[in-house]
Amino acid sequence: MSYPGYPPSGGYPAFPGYPPTGQESVYPPAGQYSYPTVPGGYPPAGGGTYSAAPPSAGYPGAAGYPAPGGYPAPGSYPGAPQAGGMPPYPGAPAGPGFGVPPAGPGFGGYPQPPAQSYAGGGPAQIPGYPSGQAPSPMPGPAAAMAQCTQGTIQAAPNFDAGRDAEVLRKAMKGFGTDEQAIINVVANRSNDQRQKIKAAFKTMYGKDLIKDLKSELSGNVEELILALFMPRTYYDAWSLRHAMKGAGTQERVLIEILCTRTNQEIREIVNCYKSEFGRDIEQDIRADTSGHFERLLVSMCQGNRDENQTVDYQKAQEDAQRLYQAGEGRLGTDESCFNMVLASRSFPQLKATVEAYSRIANRDLLSSIDREFSGNVERGLKTILQCALNRPAFFAERLYYSMKGAGTDDSTLIRIIVTRSEIDLVQIKQMFTQMYQKTLATMIASDTSGDYRRLLLAIVGQ
């Protein structure tokens with residue numbers, strides 16, 4: 001399949017699979033940037049209307065850190081209620097139970113999204129909640145937008161694409177390369193601004209910027225810079241195609257992207273995948289996965305999750321009962337019930353369902369999924385719940401395990417740093433410090449080197 005036009009003239013020479021030799025892309029067509037020119041680039045900064053992650057709070061107790069080698073122990077995910085509704089540490093005062101926001105930093109000492117000024121009237125009378133009262137409704141879209149998260153990269157003020165193109169040309173001209181000059185530009189411009197620099201470079205010099213950068217760079221820093229210069233939707237679509245191409249499938253990449261993006265982002269990814277690679281993403285998912293995991297991913301790529309930010313606590317109670325009867329309350333597991341609830345309910349609604357479930361089952365829902373499922377479908381379902389409870393904590397955990405132990409999963413490190421850099425990387429850094437008692441920058445500095453390290457740290461900040 002040929003993709004003439006993107007990258008313009010000559011395209012990106014191959015780095016692992018991007019794009020295959022002779023297969024350039026048309027997304028966007030050369031010199032035409034169909035992405036909306038809204039402030040903060042594309043998609044809108046903030047990545048949707050999900051609630052903000054917490055500012056830096058106190059460190060959780062040592063017993064609260066994720067167990068080495070995988071996900072945190074059941075019930076210990078930041079933001080997850082403990083079974084039975086009581087904090088696990090000794091000497092803690094008895095609380096009012098889940099469903100009423102606690103006064104402390106979070107359930108069981110874990111960091112929680114900040115207390116919110118909820119919209120709506122008085123609390124509804126709901127059976128099963130302490131004192132017969134459900135928590136106040138979650139904020140509506142306007143309030144949620146006011147609590148938007150923050151990226152480490154902002155659009156540069158007084159931006160001049162021609163001036164930046166000139167700086168990059170000078171950095172690559174002649175003998176040797178001024179890598180620091182390149183880093184100073186790419187790490188301090190939004191994705192939308194980088195697209196304009198690419199266009200200006202070709203206009204001014206009749207050369208393709210990406211091809212020139214490719215000839216001057218190599219290794220991980222090359223992959224990182226190529227990722228930064230890809231339009232955001234294209235990068236997600238390319239990552240999904242790369243994860244399903246050739247022998248084997250990178251299921252964790254499919255989960256990381258499809259289970260965490262907003263409806264708008266998913267629909268744009270699906271359309272881009274079709275226009276760029278001439279393929280239907282749903283058909284590729286069906287060909288590369290199977291069983292309940294396949295069904296979960298097909299559900300995700302529809303981009304039809306309810307995104308109403310107001311919580312229906314009666315429905316949360318009903319869904320919690322339904323999930324209990326589909327798993328812990330019966331012999332065997334009704335997987336389709338879990339798929340239906342977790343694939344269709346809004347993230348705030350799922351958070352309320354998790355809290356209701358802990359009262360019904362005397363066990364948290366993450367722990368039940370651990371018991372009822374295994375493999376990739378378990379990871380996918382848990383990812384959805386982790387994003388409902390605390391999205392930045394999910395990405396902080398993924399970053400930690402990309403660098404923990406021998407070797408580094410550089411593709412995961414690059415993908416998360418790049419894709420979250422204009423959305424919620426500030427909150428991810430805060431969660432990383434709270435969960436692991438070290439800063440993200442410190443771990444990156446000890447696990448990487450050279451220009452690759454310098455560019456990552458320039459994006460992440462100290």
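This is a short talk on salt bridges, cysteines, one helix pair and two buried residues in the structure above.

Hi everyone, thanks for coming. Please keep in mind that this is a predicted model.

Let me start with the charged pairs. The count comes to 20 salt bridges, and I'd like to walk you through three of them.

The first on my list is aspartate 236 with arginine 261, where the closest N and O atoms sit 3.0 Å apart. Where are these two in the chain? Aspartate 236 belongs to helix H7, residues 232-244, while arginine 261 is in the loop between helix H8 (251-258) and helix H9 (263-277). That puts the partners 25 residues apart, so this pair links distant parts of the chain. Both aspartate 236 and arginine 261 are buried.

Next comes glutamate 328 with arginine 371, a salt bridge at 2.9 Å, N to O. Glutamate 328 lies in the loop between helix H12 (313-326) and helix H13 (335-344), and arginine 371 is part of helix H15 (residues 365-372), so the bridge ties together parts that are 43 residues apart in sequence.

My third pair is arginine 279 with aspartate 284, with 2.8 Å between the closest N and O atoms. Are these two buried or exposed? Aspartate 284 counts as buried because its relative accessibility is 7%, whereas arginine 279, at 33%, counts as partly exposed. This pair also has company: Arg241, Arg279 and Asp284 are joined into one network by salt bridges that share partners.

Now to the cysteines. How many disulfides does a search of the whole structure find? The answer is zero. As a reminder, a disulfide is a covalent bond between the sulfur atoms of two cysteines. Take cysteine 259: the closest cysteine sulfur is in cysteine 387, and at 8.0 Å it is too far away for a bond. Cysteine 259 is buried, with a relative accessible area of 1%. Cysteine 337 is buried as well, with a relative accessible area of 9%.

On to helix packing. Two packed helices are described by the angle between their axes and the distance between the axes. For helix H14 (residues 347-361) and helix H16 (residues 375-403), the angle is about 95 degrees and the axes are 8 Å apart. Because angles of 65 to 115 degrees count as roughly perpendicular, H14 is roughly perpendicular to H16. Which residues make the contact? From H14 we have Phe347, Leu350, Lys351 and Val354, and from H16 there are Ile384, Leu385, Cys387, Ala388, Leu389 and Arg391. By class, that contact has eight nonpolar residues, two charged ones and no polar ones. You'll recognise Cys387 in that list as the residue holding the closest sulfur to cysteine 259.

Finally, two residues you might like to click on. Serine 239 is in helix H7, the helix that also holds aspartate 236. At 5% relative accessibility, serine 239 counts as buried. Leaving out residues up to four places away in sequence, serine 239 touches Val253, Ile257 and Arg415.

The other one is methionine 443, in helix H19, residues 440-447. Methionine 443 is buried too, at 7% relative accessibility. Setting aside neighbours within four places in sequence, methionine 443 is in contact with Tyr400, Met403, Lys404, Phe432 and Lys438. With methionine 403, the C-alpha atoms are separated by 7.5 Å, although the two residues are 40 residues apart along the chain.

That's my tour, and I'm happy to take questions.

Notes:
Residues are numbered from 1 along each chain as its sequence is written. This is a predicted model: local features need pLDDT of at least 70, side-chain atom pairs count only at pLDDT 80 or more; totals for chains, interfaces and linings use all residues. Side-chain values use heavy atoms; hydrogens and water are left out. A salt bridge is a side-chain nitrogen of Lys or Arg within 4 Å of a carboxyl oxygen of Asp or Glu. Helices (H or I, at least four residues) and strands (E, at least two) are DSSP runs, numbered from the N terminus. Buried means under 20% relative accessible area, exposed over 50%, partly exposed in between (1.4 Å probe, protein chains only). A disulfide is a pair of cysteine sulfur atoms within 2.5 Å. Contact means heavy atoms within 4.5 Å. Axes are lines fitted to C-alpha atoms, for helices over the stretch in contact, and angles run from 0 to 180 degrees between N-to-C directions. Angles under 35 degrees count as roughly parallel, over 145 as roughly antiparallel, 65 to 115 as roughly perpendicular and the rest as oblique. Ala, Val, Leu, Ile, Met, Phe, Trp, Tyr, Cys and Pro count as nonpolar, Asp, Glu, Lys and Arg as charged, and the others, Gly among them, as polar.
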